Amino acid sequence: MKTVDALRDKENERTALIKDKTERIFSRLLEIRRHFHMYPEVSNEEFKTTDKINELLDQFHIPKLAVNTPTGTAAILHGKEAGAVVAIRADIDALPIQEETEWEYKSRIAGVSHACGHDVHTTVALGAAIVLKQMADQFPDGQLPGTVKFLFQPAEEADGGAESMIQQGLLENPRVNAVIGLHNYPDLPAGTIGIKDGFLMASVDEFQIIIKGVGGHAAIPEKTIDPIVIGSAVVQLLQTIASRAVSPKESAVVTIGQFHAGTANNVIPDTAFLEGTVRTSSREVRDRIERLLIQMVSNTVAGMGGEVEIEYKRLLPPVMNDSRVASILRKSAEKVVGTDNAVEAEPTMGGEDFSFFQLEAPGCYFWLGSGNEEKGAIYDWHHPKFMVDEEAIKTGVMMMVQAALDLIENGR
Ligand code: NI
C-alpha cells in the first residue's frame, strides 16, 4: 500500500505544480488570447496570427519546426529520445461573422470574429508549451521524459488545413505516438472536461445528382421522361438509407438541401439538380452509405428511364477517439478537474478536420467546458454573440500539460 500512496502523492504533487505554473502565466495568457480575439483572421489568411504565434514561441524559447505553408506554424519540445512523442493540435482561424458582443476586447476587424473560439485553442496550446518548457527542469537531466509537438493549424473552417500540416511531415521525425486536441464547449460549464471513447464528431460528405430525362409539354407526359418525378423518387428513397441500412446503434443523416428543376407550370424540364450532405458516426457506415447512395440513385433513375450523373465528395472522416488514448486522458481530466467535473462527452453530428490526424496516429479530441451563464457565455459556436468563459483557458492548459505527461509516461 505504501508504494501506491507514494505514487499518488507524487501524482498529486505534479498536478499541483502544473496548476501553480499555469496560474503564474494566466494573466499573460489572457493578454495573448485577447490580442488574438481583437485581430481575428479567416481561414488561409492567418498571416498576422501566425507571426504573433511565432513571436511568442521565440519569446518563450520554444523551438519552432519548419513549416512551409502560407499560414500556420509548429513547435517542438524535445525530450528523452526513448520516450513517446505527443502532438497537441490547435486550430487558429476565425470566421466571417460580425461579432455582436459588448466585450471590451471584441473583434476590431469588421465582419470577422473568433466566433468558434479558436483564439482560446491557440492560447491553450501556447500556454501548454510554456508550462511544459518550464517543467522540464523537474525531470532528470532537465529533460521531459518524451517529446511534445505543437501544431498551430490554419483553415479548420475551410478545406485542407489539417492535411496541409500532415503533408508538411509534422507527424514524422520523430513519429508522433498520440495526437490530442480540444474544442471549447459552451454547453458544459467552464471547469469541466468532456471525454468520450470512439465516435465524437460526424464524417461530412456532400453529393450532387443531375438527373437527365426528356422534356416536353406538361399535357403530353407520355412523350417525356420526367426528371422531377424521378428526382422525387430519389429523395424519398434516400431517406430510407439512414432508417433501413444503418444499425440503430449508429448515427447517420442524409439530407437533400437543394432540389432545382423546371421553369414553367406547363413544361416538363429536361433535367433536375439535387444536392445534399451525408453525416455518419463511423468510417464503416460512411463507406456503406456512399456505396448505397450511388447504387440506389443509379438504379432508380435507370429504372425510370432517365440518365444520371452523381458526384460524391468525401470531405471529412469522423472524429473517432482511440480508446487507449481516451482512457489515459480521462484519468488526466480527473486529476485536473476532479472526478465530478470529468464527464462523458456528448457527441455531435458536426465535423472537424482533427479527424485527419487520427488517420495518422491514435488520437483523442475532447470538450473543454467554456459556458458561463453569468458571463453571457451561453451562445453556440458561430453565433454573433458567442463567448467563452476565459477561466476555461486555465483548465485547458492544465489538461493539455497533464495529458501530454500522462501519455508520455504510459509509453508508445
Ligand atoms: Ni471550431
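Which residue forms a salt bridge with Glu 11? A few notes on that and on the other charged pairs in this predicted model.

1. The partner is Lys 335, and the closest N and O atoms of the two side chains are 2.6 Å apart. This pair ties together distant parts of the chain: Glu 11 sits in helix α1 (residues 2-38) and Lys 335 in helix α7 (residues 323-337), 324 residues apart. As for exposure, Glu 11 is partly exposed at 30% relative accessible area, and Lys 335 also falls in the partly exposed class, at 29%.

2. Helix α1 has a local pair too. Glu 31 bridges to Arg 28, with 3.2 Å between the closest N and O atoms. The two are three residues apart in helix α1, so about one helical turn separates them. Arg 28 comes out as partly exposed, with a relative accessible area of 28%.

3. Over in the strands, have a look at Lys 212 and Glu 309, whose side chains meet in a salt bridge at 2.7 Å, N to O. Here again distant parts of the chain are linked: Lys 212 belongs to strand β8 (residues 203-212) and Glu 309 to strand β13 (residues 307-316), with their positions 97 residues apart. Lys 212 is partly exposed at 33% relative accessible area, and Glu 309 is partly exposed at 41%.

4. Not everything is a simple pair. Lys 19, Glu 23, Glu 391 and Lys 394 are joined in a network of salt bridges.

5. For the overall tally, the structure holds 26 salt bridges. Those between Glu 11 and Lys 335, Glu 31 and Arg 28, and Lys 212 and Glu 309 are among them.

Terms used. Residues numbered from 1 in each chain as written. Predicted model: local features only at pLDDT ≥ 70, side-chain atom pairs only at ≥ 80, totals over all residues. Heavy atoms only, no water. Salt bridge = Lys/Arg side-chain N within 4 Å of Asp/Glu carboxyl O. Helix = DSSP H or I, 4+ residues; strand = E, 2+ residues; numbered from the N terminus. Buried < 20%, exposed > 50% of the residue type's maximum accessible area, 1.4 Å probe, protein only.
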